[in-house]
Amino acid sequence: MKIPWKLKSRLFKILTYFPSNTLYLVQQHITRQAKVRVTEPYIGWEHHRKIIEMTGASRVIEFGAGKSLVQNLYLAVYAESQTVVDLFPMIDIDLVNEAVHQLGSIGAEIDGRPASSVKLLKDIYNIRYLAPFNMLDTGFDDNSFDLCISTNTLEHIPAADIRSIFIELRRLLGPNGNVSAMIDYSDHYAHSDPSIGRLNYLQFTAKEWEKHNHHNHYQNRLRHLQYGEIFKSAGFEPVTQECTDYCDPAGLDLVDDLLTGDQTDFATTGFWHLKAA
């Protein structure tokens, strides 16, 4: 659905006054965004799969998995077990089973049996879903997991919380732990408004951006190197890192305080493989 970004911002502001599941209901019944659309393996899934196979990780954790768990279903054959957590309960079993069906239709290696409950999801696919769950204080034992995966989630978390989460991950993953992350560095309002570019939000000061940065559509606006500094401060070092989907900043009045001065500031997708330092 194409919608002017400032109008969308106002709608998100209105939704802040309603219960937390209101946005999902709007997406499901009005904008129709709460759907599963699988035509081929997503690039983020393949990024995680390669790192799972490269590291031999068997115990995987993910935070911010969403409604259909399609990524986790795709990865189920590669990881021995997955623990999937969300800050709020987001899972929709109907969407999970639609994901199972669509993954089967594209030839993905998947069991194929429907999971009519969270319990069956664990029994069939060894995916444990926990929500509500706060990654800032997990309560898991040290060295509980081998790998954390994250897809287009970190950009929605404040920088200080990212660091705290990664400090907790450093404990959970232990001295040999790994992280596989894909991060969307673009202005998410541009996803539904083609009249603005993907660097649009870098033109606003912190005060100007605050009125558009609602908690149900929060974007931290961090650039690639800034993520790297956070990861390093939390005890991780990059094995590989890649920036893609560069945008030309010509004609844009970008705010210097948001930038690092590096060319990677203009990338809108980042891929990371991190290892405990």
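**Exercise 1. Decide whether Thr83 is buried or exposed, and find what surrounds Thr83.**

Step 1. Start with accessibility: Thr83 has a relative accessibility of 5%. Buried means under 20% relative accessible area, exposed over 50%, and partly exposed in between (1.4 Å probe, protein chains only). Thr83 therefore counts as buried.

Step 2. Now place Thr83 in the fold: it belongs to strand β2, residues 81-85. Strands (E, at least two residues) and helices (H or I, at least four) are DSSP runs, numbered from the N terminus.

Step 3. Look for neighbours. Leaving aside residues up to four places away in sequence, Thr83 is in contact (heavy atoms within 4.5 Å) with Val60, Ile61, Glu62, Arg128, Leu130, Phe140 and Phe145.

A word on the model: it is predicted, so local features need pLDDT of at least 70 and side-chain atom pairs count only at pLDDT 80 or more, while totals for chains, interfaces and linings use all residues. Residues are numbered from 1 along each chain as its sequence is written, and side-chain values use heavy atoms, with hydrogens and water left out.

**Exercise 2. Examine the backbone at Leu69, Asn152 and Pro132.**

Step 1. Recall the background: most residues other than glycine have a negative phi, and most peptide bonds are trans.

Step 2. Check Leu69. Its phi is positive, near 55°, and the residue sits in the loop between β1 (59-63) and α4 (70-75). With a relative accessible area of 0%, Leu69 is buried.

Step 3. Check Asn152. Here phi is also positive, about 50°, in the loop between β4 and α7 (159-173). Asn152 is partly exposed, at 24% relative accessibility.

Step 4. Check Pro132. A cis peptide bond, with omega about 0°, connects Ala131 to Pro132. Pro132 lies in the loop between β3 (127-130) and β4 (147-151).

**Exercise 3. Trace the salt bridges of Arg49 and Arg171.**

Step 1. Side chains of opposite charge can pair when their charged atoms come close. A salt bridge is a side-chain nitrogen of Lys or Arg within 4 Å of a carboxyl oxygen of Asp or Glu. The structure has seven.

Step 2. Arg49 pairs with Glu53 at 2.8 Å, N to O. Both are in helix α3 (residues 43-55), four residues apart, so about one helical turn separates them. Glu46 joins Arg49 and Glu53 in a network of salt bridges.

Step 3. Arg171 pairs with Asp142 at 2.7 Å, N to O. This pair links distant parts of the chain, 29 residues apart: Arg171 in helix α7 and Asp142 in the loop between β3 and β4.

Step 4. Arg171 also forms a salt bridge with Glu168, at 2.7 Å between the closest N and O atoms. Glu168 and Arg171 are three residues apart in helix α7.
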